[in-house]
Each structure stands twice: as C-alpha cells, then as structure tokens.
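Biologist: I am new to this structure and would like to go through it step by step. Please show it to me, and then I will ask my questions.

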Amino acid sequence: MMSMSEADLELISSGFTAILGFQVVPPSRGHGLPKLTVQELFKCTYIPSSMQGNNPGEVFDINVKCINGWQITIQVTNDHTIANIKADIEIKHNIPSRDIRLMFDGSAVEDHQSVRDIGIPRGGRLFLMLRLRGGGPAFQLDPDLLDAPHSFDFTYVRDDGRVYYRGGKEYKRPYGWKRFALKVLDRYEDNTWLGPDGYRTQDAPGEWPVSYHGTNIQSARAIMSSGYRPGPRQAFGKAVYSSPSIDMVEERYAQTFEHEGSTHKVVLQNRINPSPGHFVVIPAEQTGTGAEYWLSPMHDTEKNIHDIRPYGLLFKNIGSYCNLL
C-alpha cells in the first residue's frame, strides 16, 4: 500500500494528457477548471457497445457529450457530415470547430464522413474532445476516485514463481508496474466480483478474472479492426476487448508518454464478468499476438451492464527519454 503524493497526481495527469490530447493537471494547479474523472476517461478508452435504435427518420436527434459531462443535443439527417456537426457546435457554443475532435464507438470520425457513413443511430452519442493547444490546461484531475490505501507499487517486485488465480483464471501480476487503485467498493451491486483484499494465490468464490486493457485510443481501434466494421480478417465480433497478458498489452496497446524526463506507459487493470454469454475467449493461436483476447460482448454502460470493471491504473517507467533518442 502507498499514499497518494503530488508527484503521483502529476504522473497520472500527464498520462491522461497523452491519452486524450488535451492538458490535464492535478487539483493543485487546476483551480477553477472542470474536473476530469477517471470514469469519464474509461468511457473514451473502452470501446462501448453500439447503441441500438429505431430506423431514423429524415430528421432526428443525436447527443454530443464532452468528457467533463457537459452534453448537448443536435438535430441531423443521414446526410449531415461531421463538418456540419462541428459547425453547429461552433455557432451555438462558441467552440472553434478546428479545435473539436469527435469520436463514435471508440473511433475518431473525419469531417467528410456523414451520419449515414458512420452509422450513428437516433439518440446516438458522439464524444467531444478538444485538441491540445498551447493555451494552458483544459481540465483538472478529480482524485476522489483514486483509492490510495489499496494501491501497490510493483515496480521492484519480481516474479516469485508462484501461480496466482482470480475468478478461475490465471492472474498475471503486474510486475514492474506502479498500480494506483480506484475506489470501486460498493460501486456496483455488491463486492463479490472483486474478491477479498490481500496477498493470496487462490481465487475466491464469485470473484471475476483479471484482465488488462491498453489506454491508447488508436490502439483500441486497431484491436477492433475487424470487429466494428468489416475488415480483411472479419475477426471476432463487436465487444470490449482486453487480455490476461500484461506483457502483450504493454507491447501493443499501452499509451506511451514523456514525464519528468522519462518515458512511461499506462494500462488499465480490470475485472471481467466470466458468465456464459458475457465472456468469450479467443485463443492465442487465433489472435496472432501470442496471447488470448477476452471479449465482453454484452458490456453496455448505457444499459447498466458493467461486464468489464476497471479497478487499477498501471504506470511503468521504461527509461530516460534522453537515453531513447
């Protein structure tokens, strides 16, 4: 266990800045700025399930939500382009369209694409993020969801050769990473999914397996290359993807960023619902990555289905930036 220092909050804020493309600062430097919560970050880094709706009419409403919780409703037709939507936001809310980045289903959308091209349904939601500019920070980190007493620094902990289990699956401990715990107790229907606290090799009845998820938005799109839209491999279907392999996620999907002269990576640590129909395992020999993919096809926070639950932020210092040049 460890306490949460100002240096820790600076590190987390730098990681979020790298992930989201706008500057996030700790509360000590963010007076008066809107708060960015960890849960809002997850809504952008996890690929959400598509929203289901009726066949749209000629004119219908869609929602545009900013990462700080602010939301507006815009009327569109299937022929509206993203450029049209950005222009509408600029006119009504005085946000320069050149600074707006919009995302749908975890993927960035381009100005020339139409509502029809993207497949935005009636009542669908776009996420709005502001491009990083030199004009100062945009958000402050909300530390209230960080749970310092349950954090643990694995930076100098080495593999002890033991095999650990969580939820009936082997648990690969995040050796070499610094884990910041999140406040998740009593957040859901009960705490059985999390299992008992403390050092143990065996799993507990009712707890969920541990998985890892890269926080690089572009990489999250890559892992879904044949899931969301038809692709050359026609792969494994629409779902939230994670993996029990911290090593594979680090190599392929972790966000890399610079902080205080060093290069760091950041990954999310989760528990995943193993119930039939809510959990699909893609074997390593099929993924081509040397590790399994774990799919959560039913996960949909809009329907209050939380099949993948983040409970830790993992950061790893991979060396001096100068030494990598």
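Biologist: What percentage of the 325 residues in the chain is buried?
Modeller: This is a predicted model, and the value is computed from it. A residue counts as buried when its relative accessible area is under 20%. Of the 325 residues in the chain, the buried ones make up 51%.

Biologist: How many helices and strands are in the chain?
Modeller: The chain holds both kinds of element. The numbers are 8 helices and 19 strands.

Biologist: Which helix gives the most to the largest nonpolar core?
Modeller: The largest nonpolar core has 67 residues, and I85, I89, L102 and L313 have the most contacts inside it. One of these, I85, is in contact with I62, I74, V76, L102, V115 and L126, leaving aside its neighbours within four places in sequence. The helix that gives the most to this core does so with 5 residues, and it is α1 (residues 6-20).

Biologist: Which strands are at the edges of the open sheet of 3 strands?
Modeller: The order in this open sheet is β1-β8-β2, with parallel pairing. An edge strand pairs on one side only, which applies to β1 (24-25) and β2 (35-36).

Biologist: In β8, which residue is the bridge partner of V25?
Modeller: Strand β8 covers residues 139-141 and runs parallel to β1, with 2 bridges joining them. The partner of V25 in β8 is Q140.

Biologist: Which residues form the covered face of strand β15?
Modeller: Strand β15 spans residues 255-259 and has two faces. T256 and E258 are on the uncovered one. The covered face is made up of Q255, F257 and H259.

Biologist: Which residue in the turn between β15 and β16 has a positive phi?
Modeller: β15 pairs with strand β16 (residues 262-272) in the antiparallel sense over 5 bridges, and T256 has K265 as its bridge partner in β16. The two strands form a hairpin with 2 residues between them. The turn residue with a positive phi, of about 50 degrees, is E260.

Biologist: How many residues apart in sequence are the parts that Y241 and Y293 tie together?
Modeller: The count of aromatic pairs comes to 9. In one of them, Y241 and Y293 are edge-to-face, at 5.9 Å centre to centre and 65 degrees between the planes. Y241 lies in strand β14 (residues 240-242) and Y293 in strand β18 (residues 293-296), so the pair ties together parts that are apart in sequence by 52 residues.

Biologist: Is Y241 buried or exposed?
Modeller: The cut-off for buried is under 20% relative accessible area. Y241 has a value of 3%, and its partner Y293 has 5% and is buried. Y241 is therefore also under the cut-off, and counts as buried.

Biologist: With which residues is S296 in contact, leaving aside its neighbours within four places in sequence?
Modeller: S296 is found in strand β18 and is buried at 0% relative accessibility. Its contacts beyond those neighbours are A239, V240, I272, H278, D307 and I308.

Biologist: How far is R309 from the ring centre of Y188?
Modeller: In another place, the charged end of R173 sits over the ring of Y164, 4.7 Å from its centre. R309 lies over the face of Y188, and the distance to the ring centre is 4.0 Å.

How values were computed: Residues are numbered from 1 along each chain as its sequence is written. This is a predicted model: local features need pLDDT of at least 70, side-chain atom pairs count only at pLDDT 80 or more; totals for chains, interfaces and linings use all residues. Side-chain values use heavy atoms; hydrogens and water are left out. Two strands pair if DSSP finds at least two bridges between them. Helices (H or I, at least four residues) and strands (E, at least two) are DSSP runs, numbered from the N terminus. Buried means under 20% relative accessible area, exposed over 50%, partly exposed in between (1.4 Å probe, protein chains only). Rings of Phe, Tyr and Trp (its six-membered ring) pair if their centres lie within 6.5 Å; planes under 30 degrees apart count as stacked, over 60 as edge-to-face and the rest as tilted. A charge sits over a ring if NZ of Lys or CZ of Arg is within 6 Å of the ring centre and within 35 degrees of the ring normal. Contact means heavy atoms within 4.5 Å. A nonpolar core is a set of buried Ala, Val, Leu, Ile, Met, Phe, Trp, Tyr and Cys residues joined through side-chain atoms within 4.5 Å.
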